[in-house]
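Welcome! Take a look at the structure below, and then we will walk through how its chains meet and where empty space is left.

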Amino acid sequence: MSFTKDTKLPSYEDLECPVVNVSSPALRAGSFHLAKYCDLQFKEFMLCRQEEQDPRKCVKEGKDVSLCAIDFFRKVRDTCNDTFTTLWTCLDNASEGEMGFHYCKKEQHAFEQCAKDKMNLERPEPGYFSMVRMHDTKRPVPSDPFRAGSLERHPPKLDLPNPPTLSQANEYPEARIGMKFGSRKPWVFEAKLWD
Amino acid sequence: MTGFSKVAVYRQELPPRGGFTPIPWARVPSRRIPLWPFVSLWLASNIFGYFYHISEKREYWRNEMELDESRSCIEPVLLAEQDRIVLRQYRANRDEEAKLMSDVPGWEVGTWFGSKVFKSRTYFPDRPHVLDYYGLARPSNQRLDINAGQWQV
């Protein structure tokens, strides 16, 4: 409603993508292994989204994310379907409707074992996804000053020379004037204007 | 004295034979129960409960962390789909508005009689606004998505 003819919106063909047709308990059941399998695509998309803050510019990465997710769930269906189905049905029936994993520890261990054996996917340790993760892309940093990740907002660090060593400092006695009386009054710096 | 030949017969209330039963006047201390079982039980439950509570808290926060982590793992999938849906809706809204206001003289699509909502040429909203998304929808369609606010994954 607030977009004029000048704003470029992507066309319907650009936005065509298959839908990840998976229910929410199944998404939660496979979340850790999904994030491990599709790590690159997820990080690319989230980085693009954070830096550009523009959904139009991240459509391609979004499509990669969706296709990778579909690929993962297809793989799960082909190899580990039984354990996965028991896990997400158990989560669906968890108390309070919270889909908490503490209700379904046995099924979770079974699915993890199956994923490790058949799909060669190991789930990272419990605190892994809470930590800040770094990502390196070939996509250039956006230079629009109104965007968060722009160069104007984050100027690159300058290469400063190393500070001088003690042996170099001995060559300049005039710099030691302030230390005439030792370190008794280090905040007093006596400026010796001439000898 | 004269004239007192007849004596009225009356019955006097006297104590029973052998005297009254003795009145218990000595102090009788009340029934007492020992205090040490209760105090010891309370202290033991305190000490045990302290350590048990700490371990339970740790387990509780571990489970909460797991839920939060699974939610942040799923976020990119949902965000990508949401972006596509929102962009599709923006385009449909713009086309619909052009169709609706084609007969209004001097109406530019996306402006309020000439004044634009977004003044900067490079800005695009990151998160969808209610009016941008539902601006041209009828209330019955808006009410279909009321439960969207309750969706949690």
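Let's begin where the two chains touch. In this predicted model, 17 residue pairs are in polar contact across the interface of chain B and chain A, with both partners at pLDDT 80 or more. On the chain B side that touches chain A, helices H1 and H2 each supply at least two residues. H1(B) gives the most to that side, with 28 residues. Sorted by class, the residues of chain B's side divide into 20 nonpolar, nine polar and 15 charged.

How many residues does each chain bring to the contact? Chain B gives 44 residues, and chain A gives 53 residues. Between them, the two chains bury about 4,400 Å², and 61% of this area is on carbon and sulfur atoms. Within chain B, the residues that lose the most area to chain A are Arg84(B), Arg94(B) and Phe124(B), together 15% of what that side buries.

**Charged pairs**

Side chains of opposite charge can pair when their charged atoms come close. Over all chains, the whole structure holds 14 salt bridges, and the count between chain B and chain A is four. Here are two examples from the model, with the distance between the closest N and O atoms.

| Salt bridge | Closest N and O atoms |
|---|---|
| Glu66(B) with Arg123(A) | 3.3 Å |
| Asp39(A) with Lys43(A) | 3.6 Å |

Glu66(B) in chain B pairs with Arg123(A) in chain A. For the other pair, where do Asp39(A) and Lys43(A) lie? Both are in helix H3 of chain A, four residues apart, which is about one turn of the helix.

**The largest pocket**

Rolling a probe the size of a water molecule over the atoms shows where empty space is left. The largest pocket holds about 2,000 Å³ of space. It is lined by 50 residues, and the closest to its centre are Arg71(B), Glu75(B), Leu78(B), Leu79(B) and Gln82(B). Four helices give two or more residues each to this lining: H1 (24-29) and H3 (39-52) of chain A, and H1 (36-100) and H2 (130-134) of chain B. Which element supplies the largest share of the pocket lining? That is H1(B), with 14 residues. By class, the pocket lining has 29 nonpolar, ten polar and eleven charged residues.

**The cavity**

Now for a space that the probe cannot leave. How many cavities of 30 Å³ or more are there? The count is one, and the volume of this largest cavity is about 40 Å³. From chain A, its lining takes Phe45(A), Pro55(A), Cys58(A), Val59(A) and Gly62(A), while Ala80(B), Asp83(B), Arg84(B) and Leu87(B) come from chain B. Helix H4 (59-79) of chain A and H1 of chain B each supply at least two of the lining residues. H1(B) gives the most, with four residues. The cavity lining has six nonpolar, one polar and two charged residues.

To bring the parts together, follow H1(B) along the structure. This helix gives the most residues to the side of chain B that touches chain A, the largest share of the lining of the largest pocket, and the most to the lining of the largest cavity. Arg84(B) is also worth finding: this residue lines the cavity and is one of those in chain B that lose the most area to chain A.

Technical notes
Residues numbered from 1 in each chain as written. Chains lettered and ligands numbered in written order. Predicted model: local features only at pLDDT ≥ 70, side-chain atom pairs only at ≥ 80, totals over all residues. Heavy atoms only, no water. 1 Å grid on protein atoms, 1.4 Å probe; cavity = no way out; pocket = protein on both sides within 12 Å on 5 of 7 lines; lining within 4 Å. Points joined across faces, edges and corners; volume = space filled by probe spheres on them. Nonpolar A, V, L, I, M, F, W, Y, C, P; charged D, E, K, R; others polar. Contact = heavy atoms within 4.5 Å. Buried area = accessible area lost by both parts, 1.4 Å probe. Salt bridge = Lys/Arg side-chain N within 4 Å of Asp/Glu carboxyl O. Polar contact = N/O pair within 3.5 Å; in protein donor to acceptor, adjacent residues only side chain to side chain.
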